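Reader: I would like a close look at a single part of this model, namely the meeting of two domains. Keep it brisk, and give me the cut-offs.

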Amino acid sequence: METTEAFTGLECHDCDRSYAPEAGTHRCADCGGILDPTYDYDAIDVTRESLADRPFDSLWRYAELLPFERDVAVSMDEGATPAVECETLADELGVGEVLIKDEGRNPTGTFKDRGASMAVTAAVAHGATDVVLPSAGNAGQAASAYAARAGLDAHVFLPSRSSFTTKAMVNVHGGDLTVSGGRIGDAGAAATDAMAEHDDWYSLSSFVTPYRHEGKKTMLYELVEQRDWQVPDAIVYPTGGGVGLVGMYKAAREWRELGLIDEIPAFYAAQASGCAPIVEAFDAGRDEHEPIENPDTICGGIEIPDPGASRWILDALRESGGGAVATDDHEILDAAVAVAQNEGLEMAPTCAAAASGAWALAERGEFDADDTVAIVNTGAGNKNADVLRSHLMGQGI
Ligand SMILES: *Cc1c(COP(=O)(O)O)cnc(C)c1O
Ligand SMILES: [Zn+2]
């Protein structure tokens with residue numbers, strides 16, 4: 001298997017057992033824990049200058065810090081998204097600077113492309129012919145796009161409430177689409193049943209494959225480099241499974257270990273009140289979430305009632321000095337509209353949970369007047385234009 005020089009394999013986040021790159025494809029064989037790619041950091045020779053000399057063209061510009069080389073990557077130049085300054089928002093939040101990291105610019109319109117690029121590259125390296133995952137929508141669309149590019153068959157399980165765009169585009173990419181039940185748990189159960197009958201299908205489920213958070217970690221590298229090596233004071237992230245959040249936290253620690261930065265940003269998990277298991281656990285001082293019985297939010301991408309990596313997410317929030325915040329659906333939709341009307345940027349409802357959360361955090365005095373706050377806009381607003389437009393309709397507009 002062709003890997004990068006410093007990539008040493010995978011380590012179980014729970015029991016610390018390690019696996020060679022060929023052997024550790026999914027969960028830990030001993031304890032079922034989440035595997036995490038590991039590196040020999042002494043063998044990584046990356047400096048601020050060497051990075052500055054490279055074009056800012058795709059997440060694969062950080063290949064030394066990734067498991068695979070760029071020339072074997074299944075890539076459509078994902079990543080390298082802008083961090084757009086938002087002055088009106090900064091004034092409203094009473095902070096020095098607000099940056100919106102606009103992941104809507106990715107090939108299929110969300111940051112799921114970062115994870116899909118990495119995980120489909122791994123699937124090819126492991127000799128897979130078929131990939132499978134349940135998804136709330138965006139990950140399924142991204143996976144079917146990258147599988148198509150790699151010549152793999154994608155089996156995608158979506159709940160009926162996922163957006164029309166994501167369902168349609170799985171079909172357009174030639175994916176094998178199964179729509180089941182109303183919510184993500186139904187799609188997960190259907191995927192599990194199908195996998196029991198097809199033991200050669202390679203799972204791209206988040207944290208079942210160790211590679212999706214590895215792809216998403218590059219958002220942090222970019223954010224820091226884009227601000228001339230100033231680490232943002234706070235990063236507010238719309239949190240479902242927390243894949244991007246633990247990825248970025250890992251990335252910050254890696255760069256500190258390499259001496260590229262000194263500080264770790266404070267990570268904040270933003271959720272919708274109708275499904276906020278991380279916020280509840282954080283506020284209660286627990287190490288782990290309790291599953292939400294009846295999740296209900298219009299933010300489908302973060303309606304994850306039982307996030308399996310909650311320990312890791314909660315560690316990242318606490319160790320970085322961050323926090324967690326939940327806001328109601330109507331506030332979230334208001335925030336999406338406010339950003340669209342004041343800054344021009346288009347945030348999908350799920351993503352606007354981060355903008356709405358940032359507002360709430362500012363109101364409770366979480367930020368200082370000279371702070372730089374980065375809000376991750378995980379996906380393009382026009383993927384859910386119908387939901388945003390109906391919100392106006394509810395106001396008689
Ligand atoms: C999947 C998704 C999320 C949640 O991502 P996690 O990393 O699993 O928490 C947030 N926003 C959008 C648009 C998504 O598609
Ligand atoms: Zn283990």
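Author: The centres of domain 1 and domain 2 are 24 Å apart, taken over C-alpha atoms. On the two sides of the contact (heavy atoms within 4.5 Å) are 24 residues from domain 1 and 21 residues from domain 2. This is a predicted model, where local features need pLDDT of at least 70 and side-chain atom pairs count only at pLDDT 80 or more, while totals for chains, interfaces and linings use all residues. Residues are numbered from 1 along each chain as its sequence is written, chains are lettered from A and ligands numbered from 1 in the order in which they are written, and side-chain values use heavy atoms, with hydrogens and water left out.

The bounds come from an automatic or database domain assignment. For the protein chain it gives domain 1 (7-72), domain 2 (83-110 + 211-394) and domain 3 (129-200).

Next, the area. About 2,000 Å² is buried between domain 1 and domain 2, and carbon and sulfur atoms give 66% of it. Buried area is the accessible area (1.4 Å probe) that two parts lose on being put together, summed over both. On the domain 1 side, Tyr41, Arg48 and Tyr62 lose the most area to domain 2. Together they give 29% of what that side buries.

Now charge. Side chains of opposite charge can pair when their charged atoms come close. Two salt bridges are counted between domain 1 and domain 2. A salt bridge here puts a side-chain nitrogen of Lys or Arg within 4 Å of a carboxyl oxygen of Asp or Glu. Lys250 and Asp36 form a salt bridge through their side chains, at 2.9 Å from N to O. The search of the whole structure finds 20 salt bridges.

Lys250 and Asp36 also lead to a pocket. Both are among the residues nearest the centre of the second largest pocket, along with Glu11, Tyr41 and Arg253. Tyr41 thus appears here and in the buried area of domain 1. The pocket has a volume of about 460 Å³, and 18 residues line it. On a 1 Å grid over the protein atoms alone, a pocket is an open set of points with protein on both sides within 12 Å along at least five of seven lines, and a cavity is a set where a 1.4 Å probe fits but cannot get out; lining residues have an atom within 4 Å of a point. Grid points are joined across faces, edges and corners, and a volume is the space filled by probe spheres set on the points.

Who supplies the lining? Domain 1 and domain 2 each give at least three residues. β1 (7-12), β3 (35-39), α9 (243-257) and α11 (310-319) each give at least two. α9 gives the most, with six residues. These elements are DSSP runs numbered from the N terminus: helices (H or I) of at least four residues and strands (E) of at least two.

By class, the lining of this pocket has nine charged, seven nonpolar and two polar residues. Asp, Glu, Lys and Arg count as charged; Ala, Val, Leu, Ile, Met, Phe, Trp, Tyr, Cys and Pro as nonpolar; the others, Gly among them, as polar.

One closed space is worth adding. The second largest cavity holds about 40 Å³. Its lining includes Thr88, Leu89, Ala338 and Trp359. α2 (87-93) and α12 (329-342) each supply at least two of its lining residues.
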